[in-house]
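Please examine the sequence and the structure shown below. The paragraphs that follow lead from one buried side chain outward to the fold and its surface.

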Amino acid sequence: MNWVWFHRFGSPPYFYRFAGRWAPWFLGIAVALLLVGLYGGLAVAPVDYYQSDAFRIIYVHVPAAYLSLMTYTWMAIAAAVGLIWRIKIAHAVAAACAPAGASFTAVSLATGMIWGMPTWGTWWAWDPRLISQLFVLFFFLGYIALRGAIEDRDRADRASAVLAIVGVINVPIVHYSVEWWNSLHQAPTLLRSDGPTMPMSMAWPLLVMIGAYTFYFLAIMLMRARAEVVRRERGGAWLREILAAPEASP
Amino acid sequence: MSEFLAMNGYAAYVWSAFAIAMGGLALNVWLARRQLRLARAEARRKLALGEST
């Protein structure tokens, strides 16, 4: 297999231009899917027999939780690649994931609390799923704080990469927490090994929303990684060339 | 329409959850754009300093 295409991404100017070209498209696809998913989730999907219209929170809660775990996994993989093969771009990508990941973990917790009140009768419970998801937030915030605390960029990259990799243990724990322990949180209804237990009329807007969030993540990650790449560059002809040209805003 | 907005009595929960989620999406786009703008401005300043000395 020819790996030349892959190695190109290690080149800052190639990455910067590639990311600049694709981020607006990914963001555009995300917005289009989001509009379809919101309409489907709020207006088309039938009312739930047990939870009435409160169940519609699923269309923002599950995608946010999914995005939180996907961003964490992606961050840990990028950090590991950066650590093992000493690829700067990989560290830039890992650093680009953290702020979006932290905010979406917070959104998943907030929407979960809002959903908890009408269904469980409480905003919060010290439940395995909730606690493990709270730890995801702490790992994201710890990662950001650690990077901010270390002046030297290479050292910050290495130290934060180790933290990111250690924290990835938590990702399967979050996912399986509802199966391993007796949890107040409901079991998965869509992403489960024996197939969805949701009717298709309710599931399709959720699938569209998950697709929207995936493209959204790609767009944000690329946009932030571009900023990281610029920050890491000390000089060089390509940087001058890029700064001379006006930035088409994605 | 008002029936749709009422969400069978769950309006406060449903709409606040959707508002938080959409606000989070918008906030990240704004922050990511701002970061790129700041990084470019900073790099420009650094390059200008490098040239003048």
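In this predicted model, the side chain of R56(A) comes to 3.0 Å from the backbone oxygen of A45(A). R56(A) belongs to the loop that runs between α2 (12–44) and α3 (58–85) of chain A. Is R56(A) buried or exposed? R56(A) has a relative accessibility of 4%, and because buried means under 20% relative accessible area, R56(A) counts as buried. Its surroundings are drawn from both chains: neighbours within four places in sequence set aside, R56(A) is in contact with G41(A), L42(A), A43(A), A45(A), P46(A) and V47(A), and also with M7(B), V14(B) and F18(B).

The loop between α2 and α3 of chain A also holds S52(A). With a relative accessible area of 16%, S52(A) is buried. The backbone of S52(A) deserves attention, for its phi is near 55 degrees, a positive value in a residue other than glycine. In general, most residues other than glycine have a negative phi. Chain B offers another case: phi of N8(B) is likewise near 55 degrees, again a positive value in a residue that is not glycine. N8(B) sits in the loop between α1 (2–6) and α2 (11–52) of chain B. Whereas S52(A) is buried, N8(B) is partly exposed, at 48% relative accessibility.

The view may now be widened to chain A as a whole. How many helices and strands does chain A have? The secondary structure of chain A consists of nine helices and zero strands. The radius of gyration of chain A is 20 Å, close to the 18 Å that the globule rule gives for 250 residues, so chain A is as compact as a globular protein of that length. Along its principal axes, the C-alpha trace of chain A extends over about 65 × 35 × 35 Å. Of the 250 residues in chain A, 49% are buried. Contacts across the sequence can be described as well: among those in chain A between residues at least 6 apart in sequence, 74% join residues at least 24 apart.

M70(A), in helix α3 of chain A, provides an individual example of such separation. M70(A) and V171(A) are 101 residues apart in sequence, yet their C-alpha atoms lie 8.8 Å apart in space. Outside its neighbours within four places in sequence, M70(A) is in contact with T214(A) and F217(A).

A further polar contact of chain A involves D152(A), in the loop between α5 and α6 (153–167). A polar atom of the D152(A) side chain lies 3.0 Å from the backbone nitrogen of R155(A). At 39% relative accessibility, D152(A) is partly exposed, in contrast to the buried R56(A).

The last topic is the surface. Chain A exposes about 12,000 Å², of which carbon and sulfur atoms supply 68%. Which residues make a nonpolar surface patch of about 360 Å²? The patch is made by F135(A), F138(A), L141(A) and I144(A). Of these, F138(A) is placed in helix α5 (residues 128–149) of chain A. F138(A) has a relative accessible area of 45% and is therefore partly exposed.

Methods:
Residues numbered from 1 in each chain as written. Chains lettered and ligands numbered in written order. Predicted model: local features only at pLDDT ≥ 70, side-chain atom pairs only at ≥ 80, totals over all residues. Heavy atoms only, no water. Patch = residues over 30% accessible without salt bridge, like charges linked within 9 Å, V, L, I, M, F, W, Y side chains within 5 Å. Areas by Shrake-Rupley, 256 points an atom, 1.4 Å probe, with all protein chains shown as cover. Salt bridge = Lys/Arg side-chain N within 4 Å of Asp/Glu carboxyl O. Helix = DSSP H or I, 4+ residues; strand = E, 2+ residues; numbered from the N terminus. Buried < 20%, exposed > 50% of the residue type's maximum accessible area, 1.4 Å probe, protein only. Polar contact = N/O pair within 3.5 Å; in protein donor to acceptor, adjacent residues only side chain to side chain. Contact = heavy atoms within 4.5 Å. Rg over C-alpha atoms; globule rule 2.2 N^0.38 Å.
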